[in-house]
Structure formats: structure tokens, C-alpha cells
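Dear colleague,

Please find below the structure I promised to hand over, together with its sequence. My notes on it follow.

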Amino acid sequence: MTFASCHLEGAEDGLYKATKWHFLVIPKEHVPTVRNLQRRAEDYSLVSHMLEVGQTLLSQDSPQLKHRFGFHQPPMNSVNHLHLHCFALPYTPRWKFVKYLSLGSIGFIEAEKLLEKIKP
């Protein structure tokens, strides 16, 4: 896969932006949610690639800050198209962290944890 297989979006407006650097990595192929990913090489490769794109992007734009990467899980997702949230912390305003809490099987899931779950 190449970077061309993912679409990059920056959350620039104040309404949706949770940190100074908040990017979304969106695969061109439609995958509704993390629930549609399975323990197979193709899905593992897709999520790995999305994480690599996000890490590369944030390491260029905010190398000095702590980074966080993850996905919303149903029913906490608002868009039915898989997308990776890429944050350079801290959250601004601080209360925005609530939207990205890990609440077991319904909250936000860290990208690395998702990779563990779908590893073939």
C-alpha cells in the first residue's frame, strides 16, 4: 500500500478540533466501522498503514508533543466510514478528552489495541 490508499483530513475548525493538531486518516476503500474488521492480513495491513500515515504526519508537524491514535467504536461513532483520529496532545479545551475515553467495547479504541485484536 502507498499513502495514496488513504485520504488525509485535518480537523481545522473549532467545533470538531480536539487538539492543536487533530488529523483524520481515512481509507479510500469503504469500511463502515471497526466492527467490520476481521482477523485477516488485509484488514491488519489497512489499519497498520493508516497508523503509519498518521504517525508520519504528526512526527513532521509536532515532533515534540505526545501523540495518540485511535478509532471510535459503535455506538460511539458518528460517521459510518472507518477513520483514524491522530492527535498531538494535550486536548484543547481539556474537556474534549471525554469524547476519546476508552470504555471497553463501546468507547474509543487505541490503534495499537485494535491491531492486537485483528492480528491474523
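**Findings**

A nonpolar patch of about 510 Å² lies on the surface, made by Met-76, Phe-97, Val-98, Leu-101, Leu-103 and Ile-106. Please bear in mind that this is a predicted model. One member of the patch, Leu-101, is located in the loop that runs between strand E4 (84-91) and strand E5 (108-110). The relative accessible area of Leu-101 is 35%, so this residue counts as partly exposed; membership of a patch requires over 30%.

A second point concerns a pair of histidines. His-22 belongs to strand E2 (residues 19-27). With a relative accessible area of 3%, His-22 is buried, the cut-off for that term being under 20%. The side chain of His-22 makes a polar contact of 2.9 Å with the side chain of His-85.

The third point is helix H2, which spans residues 111-118. Its buried residues include Ala-111, Leu-114, Leu-115 and Ile-118. Viewed down the axis of H2, the buried residues fall within an arc of 100 degrees, and therefore they line one face of the helix. The general background is that an α-helix has 3.6 residues a turn, so residues three or four places apart point the same way. Lys-113 and Glu-116, on the other side of H2, are exposed. As for what covers the buried residues of H2, the elements include helix H1 (41-61), strand E3 (67-72), E4 and E5. Strands E4 and E5 are also the two between which the loop with Leu-101 lies.

With kind regards

How values were computed: Residues are numbered from 1 along each chain as its sequence is written. This is a predicted model: local features need pLDDT of at least 70, side-chain atom pairs count only at pLDDT 80 or more; totals for chains, interfaces and linings use all residues. Side-chain values use heavy atoms; hydrogens and water are left out. Patches are made of residues with over 30% relative accessible area and no salt bridge: like charges are joined within 9 Å, nonpolar side chains (Val, Leu, Ile, Met, Phe, Trp, Tyr) within 5 Å. Accessible areas come from the Shrake-Rupley method with a 1.4 Å probe; for residues, only the protein chains shown count as cover. A salt bridge is a side-chain nitrogen of Lys or Arg within 4 Å of a carboxyl oxygen of Asp or Glu. Helices (H or I, at least four residues) and strands (E, at least two) are DSSP runs, numbered from the N terminus. Buried means under 20% relative accessible area, exposed over 50%, partly exposed in between (1.4 Å probe, protein chains only). A polar contact is a pair of N or O atoms within 3.5 Å; within protein, one must be able to donate a hydrogen and the other to accept it, and residues adjacent in sequence count only if both atoms are side-chain atoms. The arc is that of the directions from the helix axis to the C-beta atoms. Contact means heavy atoms within 4.5 Å.
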